[in-house]
Amino acid sequence: MSTTTEYGYNSKVEGEVVVSRADAVINWIRRHSVWPMPMGLACCAIELMAAGGSRFDISRFGMEVMRFSPRQSDCMIVAGTVTYKMAEVVRRIYDQMAEPKWVVAMGACASTGGMYRSYAVLQGVDRIVPVDVYISGCPPRPEALLDGMMRLQEKIRNESSTRGLFKDRKARELAYKEA
Amino acid sequence: MSETDFTTALRERFPGVTERPSLDLAAYDCPHGELQDILRYLRDDAGFDMLMDVTAIDAYEESPRFTVVYHLFSTARREYVRIATPCEDDAEPRAPSVADLWPAADWHERETYDMFGITFTGHPDLRRILMWDGYPYFPLRKEFPLAGHEVDLPAPDVAERTGAKVLPAPMMGGPFHSPQKGPMSRREPRADDESWTETREKDAAQALPDGPRDFKHSDT
């Protein structure tokens, strides 16, 4: 009597195994559990709150878990006018967030300083933190925020996450320095 | 006590008080040294129990350069009065603090100090309230441009890591800037060019009150 050993593909467990790439799995997990750090600094924060409410319901995208601790959040949504006095705080909170982390500049003020061409206002949060998605509007409607967050999901989907798993991620350069 | 009553009593008691040109409220100029006595009189005897506002005026090339302005309100009579007093020194202006009369004056005076650099003598805690400690300018003075001056960021470590500085803000251009055309009532409310906010000379056309600006020929 001889025993047969099956190597490789086993037809008996077919249907319970999914073959995929590690990147695809990791990115799928990451982009559907983006926990935002609500950096609400001005009126954009009101729209951010509206996006969290039931009408717009950001939890459809797995982003309803607004974390007020930078240690627990993945994506900083800078919603509002960043003054030079606040810039220090924004950068420190960004530094305290664990990798991988992303930044969304919500609205005109966070993107470029907006209408505040003034001595007190930082002319775009990308001068102190690397921004992934810019959302136009003053303030943007919640739909625009959701669209921006979906674009961020697209961006996360195309990252090569496996490569960075077993080594330290390099700190990202600021966009205006690369240019 | 009606308005005329406290007016007569005030001027009888403090002969240094003079009427100040005003389009709305009763307004008085008062000498620097008597300010606290006058405000105490208005609070205790004339019924102005609420301090609405403390601010200042910069007359730039005149002397006295700085004037501190107080707005008082009587909650019983629903009546306002405006008291103005010139500051002592043009280079390092000083005014007496009234934070002991109205606690509300505390933060108002801090803001006035922050924006104009007026030192309120006797203030319990005179620090900047809006700009950060160590900011070298007073932004609401006339010689300060709206765009600001280049200085270092308040946090040296963040400045070192990011290379960011406090830079003069661009007055024109950029992705969110609509073209300055069309009637003023319909376009974005912003300064036309830097000469409006800087101390440079204006164009001859713009210096005229009804000069040929674009709102004249633009309603299309």
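**Entry 1: A:N27**

I looked up A:N27 first and found it in helix α1 of chain A, which covers residues 22-31. The model is a predicted one.

I then checked whether A:N27 is buried or exposed. Its relative accessible area is 1%, so A:N27 counts as buried, the cut-off being under 20%.

Next I listed the contacts of A:N27, leaving aside neighbours within four places in sequence. The list reads A:I156, A:R157, A:N158, A:E159 and A:S161.

I looked at what the polar atoms of the A:N27 side chain face. One of them lies 2.7 Å from the backbone oxygen of A:E159. For the backbone oxygen of A:I156, I noted a distance of 3.3 Å to a polar atom of that side chain.

**Entry 2: chain B against chain A**

I turned to the interface. On the chain B side I have 33 residues in contact with 22 residues of chain A. The area buried between the two chains is about 2100 Å²; carbon and sulfur atoms give 61% of this area.

**Entry 3: polar and charged pairs**

How many salt bridges cross the interface of chain B and chain A? I have 2 by the rule. I looked up the one between B:D157 and A:R92, where the closest N and O atoms are 2.7 Å apart. For polar contacts between chain B and chain A, I recorded 5 residue pairs, both residues at pLDDT 80 or more.

I also asked which element gives the most to the side of chain B that touches chain A. This is helix α4 of chain B, residues 156-162, with 4 residues. By class, I noted 23 nonpolar, 6 polar and 4 charged residues on that side of chain B.

How values were computed:
Residues numbered from 1 in each chain as written. Chains lettered and ligands numbered in written order. Predicted model: local features only at pLDDT ≥ 70, side-chain atom pairs only at ≥ 80, totals over all residues. Heavy atoms only, no water. Contact = heavy atoms within 4.5 Å. Buried area = accessible area lost by both parts, 1.4 Å probe. Salt bridge = Lys/Arg side-chain N within 4 Å of Asp/Glu carboxyl O. Polar contact = N/O pair within 3.5 Å; in protein donor to acceptor, adjacent residues only side chain to side chain. Helix = DSSP H or I, 4+ residues; strand = E, 2+ residues; numbered from the N terminus. Nonpolar A, V, L, I, M, F, W, Y, C, P; charged D, E, K, R; others polar. Buried < 20%, exposed > 50% of the residue type's maximum accessible area, 1.4 Å probe, protein only.
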